[in-house]
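Biologist: Hello! I'd like a close look at a single part of this model, with its surroundings explained as you go. Where would you begin?

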Number of protein chains: 2
Amino acid sequence: MADTILVLGTWNSMFSNRVRIALLEKGVEYEYKEEDLSNKSPLLLESNPIHKKIPVLIHNKRPICESLIIVQYIDETWNKTSPLMPGDPYERANARFWGDFIDKKASDFLMLRRNHTRSLTVADPSIYDCGTRLYWKSKGVDRDEAKKEFIESLKVLEGELGQKPYFGGESFGYVDVAFIPFGCWFNTYEKSGKFSVEEECPKLMAWVRRCMERESVAKVLPDSDRICEFIDAIKKRFGVE
Amino acid sequence: MADTILVLGTWNSMFSNRVRIALLEKGVEYEYKEEDLSNKSPLLLESNPIHKKIPVLIHNKRPICESLIIVQYIDETWNKTSPLMPGDPYERANARFWGDFIDKKASDFLMLRRNHTRSLTVADPSIYDCGTRLYWKSKGVDRDEAKKEFIESLKVLEGELGQKPYFGGESFGYVDVAFIPFGCWFNTYEKSGKFSVEEECPKLMAWVRRCMERESVAKVLPDSDRICEFIDAIKKRFGVE
């Protein structure tokens, strides 16, 4: 019997896009279901009863939750091609460390100011869940601080990338999968945020472009126009210039 | 050449105690260095330059950081005895999910009120780092809410444990390692916190007792008297009854 593979996600979620990229890297065909986070499907709620969040991978009716755990599951299940994790335990621990770092700093990359997220969640869960940034809503000092934290975290990652083509070394791996869904937003910051990630972190932006040339990444990640439109809608909604 | 294995931690850190229990489960001898978190050692700062936090495992001079990543590293490196992770990828994803759940809820288990941690960190990083709970400092509604969140998270875990002797099934595994260092504090809540975890979650407390009978756990975790003394000192410091 053929495997049934279903991903529950949203088009603009960095977290569900990790899962889709990992599956494409493995050459695994899957069905995709776009969730409406303001009206979550019964399937999502019963597949992830603890967190009630996307993404969920449902493989032969068994749900797996939490994006980086799903990516590891994919790597271990379809282990004959395109390994995402390094073979050596120390290198694997290192990859997990950077995946975890990206998750811990996700609010910086989304330019969400951490202490404000709770009230935003309550006010409008769909906005929060899809990763829209309070940055676009904030002004003055708050905005400068969000930008500063964002750049600092990026520079740490640029340091880890070093001279390698990918975080995974010569080949696209786990940390690349974990981070590239954030990368596709960086271009739009130049237009919408009026500052240039290219200027601050040229090597990291070269890595973004390198990844975007991959079929898996290009297929999954939304294009800049769609993201800009989305950000414009948010700004309008909050009445921000 | 023999391996050199050093753990940097503190006696009352749930996170460093995970690492020590995992090493003992594997029968691996290690050196242990107690850190003073108000005056971190140069070795800690250079081994974990990103987070500057315990625990760190230094294996043949190579540092590994983040407690659950270290436990996975230990399991993968000393893989001939006492497997901590299940062999099946789906079961492994499930174990990682619960390990992650415990980390996400750690502030509940420590009865730290999440929205207050930031100011506490700034005021006294050593207090925060060693996991002392704002619960002991708070009163009235705040205290009731901390207790409520704590019990809710415990009941979720009790549900996952079900009728099994261990989270790992018939044998002590990854999720047991992740959670038992919190368990040894539950007894003290009865005395210091004036409520009974036993009454709320009898099966979970039976699991705590079962784990405490293991040599690895008994050797590493502090006894109730030492924890009660520690909590009393904190309460005195904050002038709380």
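Modeller: Happy to help! Let me begin with C65(B), which is buried at 9% relative accessibility; buried means under 20% relative accessible area, exposed over 50%, and partly exposed in between, with a 1.4 Å probe and protein chains only. Before going on, residues are numbered from 1 along each chain as its sequence is written, while chains are lettered from A and ligands numbered from 1 in the order in which they are written. This is a predicted model, where local features need pLDDT of at least 70, side-chain atom pairs count only at pLDDT 80 or more, and totals for chains, interfaces and linings use all residues; side-chain values use heavy atoms, leaving out hydrogens and water.

Staying with cysteines, C228(B) is also buried, at 6% relative accessibility. The closest cysteine sulfur to that of C228(B) belongs to C184(B), 11 Å away and too far for a bond. Across all chains, a search of the whole structure finds zero disulfides (pairs of cysteine sulfur atoms within 2.5 Å).

Now for the part I would look at most closely: helix α3 of chain A, residues 67-77. Helices (H or I, at least four residues) and strands (E, at least two) are DSSP runs numbered from the N terminus. Ten of the eleven residues of α3(A) are buried, so the helix is largely enclosed by the rest of the structure. Among these buried residues are S67(A), L68(A), Y73(A) and I74(A). The C-alpha of I74(A) is 6.9 Å from that of L23(A), although 51 residues separate the two along the chain. L23(A) belongs to helix α1, residues 14-25 of chain A, and is buried with a relative accessible area of 0%.

The loop between β4 and α3 of chain A holds E66(A), whose partner K104(B) sits in helix α4 (residues 89-104) of chain B. The side chains of E66(A) and K104(B) form a salt bridge (a side-chain nitrogen of Lys or Arg within 4 Å of a carboxyl oxygen of Asp or Glu), with N to O at 2.7 Å. E66(A) is buried at 16% relative accessibility, whereas K104(B) is partly exposed at 36%. A network of salt bridges links these two with D100(B). Over all chains, the search finds 22 salt bridges.

Going back along chain A, the loop between β3 and β4 (62-65) contains N60(A), and K61(A) is found there too. N60(A) has a positive phi near 50° and is partly exposed at 35% relative accessibility. K61(A) also has a positive phi, near 75°, and is exposed, with a relative accessible area of 75%. Most residues other than glycine have a negative phi, and most peptide bonds are trans.

A cis bond precedes β3: the peptide bond from I54(A) to P55(A) has omega near -5°, and P55(A) lies in the loop between α2 (42-47) and β3 (56-59) of chain A. In chain B, a cis peptide bond joins I54(B) and P55(B), with omega about -5°. P55(B) is placed in the loop between α2 (42-47) and β3 (56-59) of chain B.
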